[in-house]
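User: Could you take a close look at the metal site in this model for me? I would like the donors, the distances and the surroundings in one go.

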Amino acid sequence: MSPTIPFDPRVLRAPHPVPGAPDNWRRFFSFNTDAKVIGIQYIAVSLFFLLVGGLLAMIMRGELLTPPADLVDPTVYNGLYTMHGTVMLFLFLFPVLNGFNNLLIPPMIGAPDMAFPRLNAAAFWLVPLFGVILMASFLVPGGPSGSGWWAYPPVSTQNPLGHFINGQFLWILAVALSGVSSIMGAVNFCTTIIRMRAPGMGWFRMPIFCWTALAAQTIQLCGLPVLTAGAVMLLFDLSFGTSFFQPEGGGDPMLYQHFFWFYSHPAVYVMVLPIFGVFSEVFPVYARKPLFGYHVVAIASFAITFLSLIVWVHHMFYSGTPQWMRNVFMVTTMLIAVPTGIKVFAWLGTLWRGKLRLTTPMLFCLGGLFNFIFAGITGIMLATVPVDIHVGNTYFVVGHFHTVIFSTITYGVFAAIYHWFPKFTGRMTYEGLGQLHFVLTFAGSQLNFLPMHWAGLMGMPRRVASYDPEFAGANVLASLGAFLLGVATLPFLINIVSSWARGAKAPANPWQAIGLEWLLPSPPPAENFGEHVPVVIAGPYGYGLGRDLVENQESVVQRSLKEA
Amino acid sequence: MSGEAPTRPFRPDPAAIALVAIAVVLNLLASLWMSRQVHDWLPVQASSAAPYVDNLFALETGIGTFIFLGCACVMGWTILFNRAPKYDMDDGAPIEGNLRLEIVWTLVPLLIVMAIAVHAIQVNQVLATLEGKVRVSSGSEAVAVAGSAASDEPVGPIQVIGRQWSWEFIYPEGVHSTELHLPVDRRARLELISMDVLHGFYVPAFRLKQDLVPGSVIAYALTPTREGRYRLRDSMFSGGYFSANQTDVVVESEDAYRAWLTDALRRPLLPAANAATELWQLRQERGDRGWATVPPAPPPLVHVDADPATPHDA
Ligand code: HEM
Ligand SMILES: [Cu+2]
């Protein structure tokens, strides 16, 4: 693409994109403090790690294609599944969602940037740092950690080779750094949302994505210190001979489980809440209707935040918890289905009598919602103690949470990428490739994750490298699904790379969407609205209501067209 | 909670009501049918707890299917009939919400999940009288969690010892075995003990699972109700050769059980065959390639050894 507008050659060195000027790629490899650059940095790094995690998963599914452990040694399998889970959570999902927070929050609320740009950049650069540390654990003697993403002691503190630097040590270090990075991010996102909204944007005029981001980041601030404390104690047990969790020294292994799940249950909501936000943004645009029950959806986010902090023991029903505790946590877990259900029904209400446009982002959101309803129902089953006593720690749980984490959350991530790609790169993606990506992903994920539920009901434990022949059928299907998912990433990657390089130029508002970010040129200039921050005069999602979102909307729109 | 509800506030026309009614009836039938299928997805029921677990699961499957299909119907309907034709840039009906509907879909799910919870607590209570479970930390005394008053005299206590990676069962009569034999229809008392890391005592046919926690003795009770041979699997990840850590539970008649005990005591104590040890030796022969693991604990000395190749019922 040759530039259509003459530009000053100095802009080539500008640390941010300049509309109309050729791209300055170097800014993505520097300590840049522009939230839009950081956002893209986060997303690029996380997509790289999605491929790494996916590759690990493929090797695992190759191993599980047949009952005996014949492809890799069982110890290697343990390392693979541990690293798969860790990479997907800490190096794919958390960073990709922080990428969206960076890209979307400032433009959506009319802020020029994050509240603390340098902190923001530092938080990002910790990600490649701990990514390298975690990957380095493949190279240390004894290989990476093989104790699962839970890292339950005493297995995690056994340290078979006795070296000080070992896979588990590097694992704890990486997870702790990830926690530091997330806390830095959380401080930034919360401050930005609370303090930097455009004039007129009261709480109940804020887009739902910002509500969910705030709800999720509040969880990070409450929960992460607890996980970090647990990780530090684990590190001391592993490396310095303390016995917080070692029964021989008077410690209690169950204590670790409480520390771990006090954060790690809420963590699943840190991941899903922003995707609830994406659904709430995307459905109105492509159904051409206001979000059904906006206020209730907004408040439900914080109900989820609160409840998510008091359900953690549902991961420990079979661990040795007393009856009263099981009953209490069963009830709280059940309660969380209520605010979650409110959101689901609100999205259905939004679709009802709409004018649906089945574009790629819409397809991913519809598919994600469909899968999420299923996963919510298996979640309720897991919450009831007697059923969990049977299916807990089996493939049923693996099926449940992959249906959420992949078939809902990652679908939402894809939807968000396709939906906002034109806004932040200035290029359109190819619709045909996007739809192909969706079809392959949908087929692959059903084939991969549905049979897991069945294997679990029949009694196949999770985390196994080998299994009894009666589970072979379900596992062959699941492996085929996994390989199909691998194939499904190809159209995605081709689409993203080639669209960015040579896609059609994106207009300021290609989807006729309502929202402050769509009143900016594509890509938005460095400071977003700069001096001309519009005054918000209405709530979001005014589709079909014939009202303006901001004062002098016409002139704001004109400006966005002129600058592009 | 049927998603079809939103029609009512807008157009109370008889055709719509009839359509919704038909959809609800079909959905009910489908849900009922699904809840009947669950027994095909589960292993045979071989303990007194199993029917309770399965019935609860069937109930949840029925309710879950109803909700899932209800929502899926709404989605399907909108995708089929509310799609914008090509080049139609109009907006949909500008509905911002409906307070009555929002209250309904908050309260109805609340009632449903609370009803399930109350029911599940009752099932829990029943199961507690069947299983009974106490965690005894080293030193302190055993206190029964729930009424473990059994009718006739229970078997045991049989010590269940978990190691990396073997199972050993020690009977009060002095028998050591790597296979758990239990008489049918009699309550069996177990003491779950781990010698190293966390393990999980999991017999899918019994629908029971309980972790072994190092440093604690967990008193556990169950009643097998069907003769047969069932897999016992380690369900809590225990490191290196975790997946090889499985054995069988043999449920047999009272007479057969007695005979097995007497016969076992006549046999010599010999080291058990052990899958993890074999895998470990194979690895050593191949040059110790692979990632770090602690070596398997020495196989227990037993009177009776399990043969993993014997076909199992579940
Ligand atoms: C209606 C809502 C949900 C309920 C009632 C529910 C319930 C449960 C329960 C009881 C477990 C524990 C099962 C066990 O380990 O035995 C579980 C596991 C899990 N759930 Fe959910 N869940 C729900 C939604 C979600 C959502 C929204 C997410 C993700 C964002 C999620 C992610 C997970 C994960 C990751 C695990 C497994 C963690 C692990 O064991 O490694 N769930 N869920
Ligand atoms: Cu949880």
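Analyst: Happy to help; here is the metal site, followed by the nonpolar packing. This is a predicted model, in which local features need pLDDT of at least 70 and side-chain atom pairs count only at pLDDT 80 or more, while totals for chains, interfaces and linings use all residues. Residues are numbered from 1 along each chain as its sequence is written, chains are lettered from A and ligands numbered from 1 in the order in which they are written, and side-chain values use heavy atoms, with hydrogens and water left out.

Let us start with the iron atom of ligand 1, whose single donor from the protein is A:His400, through NE2 at 2.2 Å. Donors here are N, O and S atoms within 2.8 Å of the metal (3.2 Å for Na, K and Ca); water is not among the atoms, so sites may look incomplete. A:His400 sits in helix α11 of chain A, residues 395-425; helices are DSSP runs of H or I with at least four residues, numbered from the N terminus.

The copper ion (ligand 2) lies 4.9 Å from that iron atom. Its protein donors are ND1 of A:His265 and the NE2 atoms of A:His314 and A:His315, at 1.8 to 2.0 Å. Along the chain, the copper donors follow the spacing H-x48-H-H. A:His314 is buried, with a relative accessible area of 14%; buried means under 20% relative accessible area (1.4 Å probe, protein chains only).

As for the packing, the largest nonpolar core has 257 residues, and A:Phe100, B:Phe201 and B:Phe206 touch the most other members. Helix α2 of chain A (residues 74-109) contributes the most to this core, with 21 residues. Such a core is a set of buried Ala, Val, Leu, Ile, Met, Phe, Trp, Tyr and Cys residues joined through side-chain atoms within 4.5 Å.

Technical notes
Helix = DSSP H or I, 4+ residues; strand = E, 2+ residues; numbered from the N terminus. Buried < 20%, exposed > 50% of the residue type's maximum accessible area, 1.4 Å probe, protein only.
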